[in-house]
Amino acid sequence: MEGVARFRSTVVDCPDPKALGSFYSRLLGWPITVEEDGWVVVSDGGSPDRLAFQLVRDYRPPTWPEGERPQQLHLDVQVDDLDEAEKRVLELGATKAAVQPSEDGGASGSSSTRPDTRSA
């Protein structure tokens, strides 16, 4: 099916695009391809594999899984070794979420919050 438009980017609001772009660059192994005032893009060079981060001065992080500010966006990623990946993402600055949802009710995944969501 042909669409009206082509997907270009997923854009994430955040208080520090450079820091969050750097986090996702290291997480995904994608280089930072654009870095401007208040705007950072990481990409593997393909389409639509591109994440952009834009400055929001009054950014208020979600209080997920409950609270007045629900989850705003999340990214599902896959890894080959869950324990090793969890260790590495925590070293990058993420925080392990208290709630660990799973599609199958088992230990098929681990939820972490990005570095800029620590304070509510």
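The protein chain has two helices and six strands. This is a predicted model. From the N terminus on, the elements run β-α-β-β-β-α-β-β. Of the 120 residues of the chain, 26% count as buried. The chain exposes about 8,500 Å², and carbon and sulfur atoms supply 46% of that area. Take the contacts between residues at least 6 apart in sequence: 47% of them join residues at least 24 apart.

**The sheet**

Four strands form an open sheet. Their order is S1-S4-S3-S2, and the pairing is mixed. Strand S1 (10–14) and strand S2 (32–36) stand at the edges. Each has a single partner strand, so one side of each is left without a neighbour in the sheet. On average, neighbouring strands are turned by 15° against each other, direction ignored.

Strands of a sheet pair through backbone hydrogen bonds, either parallel or antiparallel. The pairings here are as follows.

| Strand pair | Sense | Bridges |
|---|---|---|
| S1 and S4 | parallel | five bridges |
| S3 and S4 | antiparallel | five bridges |
| S2 and S3 | antiparallel | four bridges |

Individual bridges fix the register. Between S1 and S4, Val-12 has Phe-53 as its bridge partner in S4. On the S3 side, Trp-39 is bridged to Gln-54 of S4. Ser-43 has its S4 partner in Arg-50.

S2 and S3 form a hairpin with two residues between them. Gly-38 lies in the turn and has a positive phi of about 80°. Across the hairpin, Glu-35 has Val-40 as its bridge partner in S3. Ile-32 is bridged to Val-42, also in S3.

How much of S3 (residues 39–43) is covered? Strand S3 is mostly covered, with four of its five residues buried.

**The helix on the sheet**

Helix H1 (residues 17–28) packs on the sheet. H1 touches S1, S2, S3 and strand S4 (50–55). The direction of H1 makes about 160° with that of S4.

**The nonpolar core**

In soluble globular proteins, nonpolar side chains tend to be buried together. Which residues make up the largest nonpolar core here? The core has 11 residues: Val-12, Cys-14, Leu-20, Phe-23, Tyr-24, Trp-30, Val-42, Leu-51, Phe-53, Val-89 and Ala-94. S1, H1 and S4 are the elements that give two or more residues to this core. H1 gives the most, with three residues.

Some of these residues also appear in the bridges above. Val-12 and Phe-53 are bridge partners, and both belong to the core. Val-42 is another core member, and Val-42 is the bridge partner of Ile-32.

**Aromatic pairs**

A pair of aromatic rings is described by the distance of the centres and the angle of the planes. The count comes to two aromatic pairs. Ring pairs link Phe-23, Tyr-24 and Phe-53 into a cluster.

Why is the pair of Phe-23 and Tyr-24 edge-to-face? The ring centres of Phe-23 and Tyr-24 are 5.0 Å apart. Their planes stand at 85°, so the pair is edge-to-face, because planes over 60 degrees apart count as such. Phe-23 is buried, and so is Tyr-24.

The rings of Tyr-24 and Phe-53 have their centres 5.5 Å apart. Their planes stand at 15°, so this pair is stacked; the cut-off for stacked is under 30 degrees. The stacked pair links distant parts of the chain. Tyr-24 sits in helix H1 and Phe-53 in strand S4, 29 residues apart.

Are Tyr-24 and Phe-53 buried or exposed? Tyr-24 has a relative accessible area of 11%, so Tyr-24 is buried. Phe-53 has a relative accessible area of 0%, so Phe-53 is buried too. The cut-off for buried is under 20%.

Phe-53 thus ties several parts of this account together. Phe-53 is a core residue, the bridge partner of Val-12 and the stacking partner of Tyr-24.

Note on methods: Residues are numbered from 1 along each chain as its sequence is written. This is a predicted model: local features need pLDDT of at least 70, side-chain atom pairs count only at pLDDT 80 or more; totals for chains, interfaces and linings use all residues. Side-chain values use heavy atoms; hydrogens and water are left out. Two strands pair if DSSP finds at least two bridges between them. Axes are lines fitted to C-alpha atoms, for helices over the stretch in contact, and angles run from 0 to 180 degrees between N-to-C directions. Contact means heavy atoms within 4.5 Å. A nonpolar core is a set of buried Ala, Val, Leu, Ile, Met, Phe, Trp, Tyr and Cys residues joined through side-chain atoms within 4.5 Å. Buried means under 20% relative accessible area, exposed over 50%, partly exposed in between (1.4 Å probe, protein chains only). Rings of Phe, Tyr and Trp (its six-membered ring) pair if their centres lie within 6.5 Å; planes under 30 degrees apart count as stacked, over 60 as edge-to-face and the rest as tilted. Accessible areas come from the Shrake-Rupley method with a 1.4 Å probe; for residues, only the protein chains shown count as cover.
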